[in-house]
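Visitor: I'd like a quick tour of this one, please. Can we start with a residue pairing and work outwards?

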Amino acid sequence: MINTDNVLLFDLDGTVLNTDELIFQSFRYTFKKLLPDYTLSEEELLSFLGPPLRDSFARFFSGDQVDEAVQIYRAYNHEKHNDYVTLYPHETEVLKKLHEKGIRMAVVTTKFKDAAVYGLKCAHLDQYFEIVIGSDEVTHGKPHPEAVLTAMKKMNVNKGYMIGDNVTDIQAGKNAGIKTIGVTWSLKGTEGLLNEHPDYMMESYDDLYDYLERM
C-alpha cells in the first residue's frame, strides 16, 4: 500500500517530459543565429541538460548577448515544443494512478514557471501536479535546496522524494533533507547519479509505482 504521507517532487526536463531533443535543437538554432561558425559538440550539448539556461549561455556569451540568446532560445523552444517533446512509457497511466490514490505531486524545475506549466498542459499532465516551482520563483537553483523547500512549504509537508535525471536533483533533495530517486534513462548516464547515493534508481514509471508500493 502506497504511503500518502510522502509527496513526490519531480524534475521536469528529462524526468517528466522527454525534452532532450527539443533542448538540443533549441541550442543549435540559437548558436546558428548568434555564432554561425561554431559547431556544438555532443559533449557540450549534453552539458546543457540540467543547468539553468542563463548559466549555460554565460559560458559562451557575455553581457546583453546572454539575454539575446535566452530570448532566441525560448521563442524557438516554445514554437517547436510539440514537434519534439514526448512522454515516457506508461507515464500518464502511472501518474493518474498515483493521483487517484491520493499521492500529492509537484514539479520543481530550472525552467521558468510559465514554460513548465505550458509543457505540462501540452502533455495533458498538468492535472496531476498540485504546484509547479520554477527558477523564476527562487533565488538559488539546484543543488541548493531552496526550490525543494519552497515546494514543500507550499504543500505544508515535511516528507517526500525528489525525483530527477540530474546530479543536481539528487543533491537538492538531499540538501533539503528528503529522500531521492534517480532515473536510469538519463543521456548523461547513471554514474554521476549513483555517486550521489540516491535512495532508489527507477528504471521506468511502472518501476516507480512498484517501488512506492513496497515502501
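Visitor: Which residue in β2 does Leu9 stand opposite?
Guide: Keep in mind that this is a predicted model. Strand β1 (residues 7-10) and strand β2 (residues 105-108) run parallel and are joined by three bridges. Across from Leu9, in β2, stands Ala106.

Visitor: And which strands are the edge strands of the sheet?
Guide: The sheet is open, with six strands in parallel pairing and the order β3-β2-β1-β4-β5-β6. An edge strand pairs on one side only. That gives you β3 (131-133) and β6 (200-202).

Visitor: Which strands does helix α7 touch as it packs on the sheet?
Guide: Neighbouring strands there are turned by 25° against each other on average, direction ignored. Helix α7 (residues 146-155) packs on that sheet, and its direction makes about 155° with that of β3. The strands it touches are β1, β2, β3 and β4 (160-164).

Visitor: Now the aromatics: is the Phe27 and Phe57 pair stacked, edge-to-face or tilted?
Guide: The count comes to 20 aromatic pairs, so let's look at this one by the ring rule. Phe27 is in helix α1 (residues 20-34) and Phe57 in helix α3 (residues 53-58), so the pair ties together parts 30 residues apart in sequence. Both residues are buried. Their ring centres are 5.0 Å apart and the planes are at 45°, so the pair is tilted.

Visitor: Which ring does the charged end of Arg74 sit over?
Guide: There's a case with Lys97 too, whose charged end sits over the ring of Tyr209, 4.0 Å from its centre. For Arg74, the charged end is 3.9 Å from the centre of the ring of Phe112.

Methods
Residues are numbered from 1 along each chain as its sequence is written. This is a predicted model: local features need pLDDT of at least 70, side-chain atom pairs count only at pLDDT 80 or more; totals for chains, interfaces and linings use all residues. Side-chain values use heavy atoms; hydrogens and water are left out. Two strands pair if DSSP finds at least two bridges between them. Helices (H or I, at least four residues) and strands (E, at least two) are DSSP runs, numbered from the N terminus. Axes are lines fitted to C-alpha atoms, for helices over the stretch in contact, and angles run from 0 to 180 degrees between N-to-C directions. Contact means heavy atoms within 4.5 Å. Rings of Phe, Tyr and Trp (its six-membered ring) pair if their centres lie within 6.5 Å; planes under 30 degrees apart count as stacked, over 60 as edge-to-face and the rest as tilted. Buried means under 20% relative accessible area, exposed over 50%, partly exposed in between (1.4 Å probe, protein chains only). A charge sits over a ring if NZ of Lys or CZ of Arg is within 6 Å of the ring centre and within 35 degrees of the ring normal.
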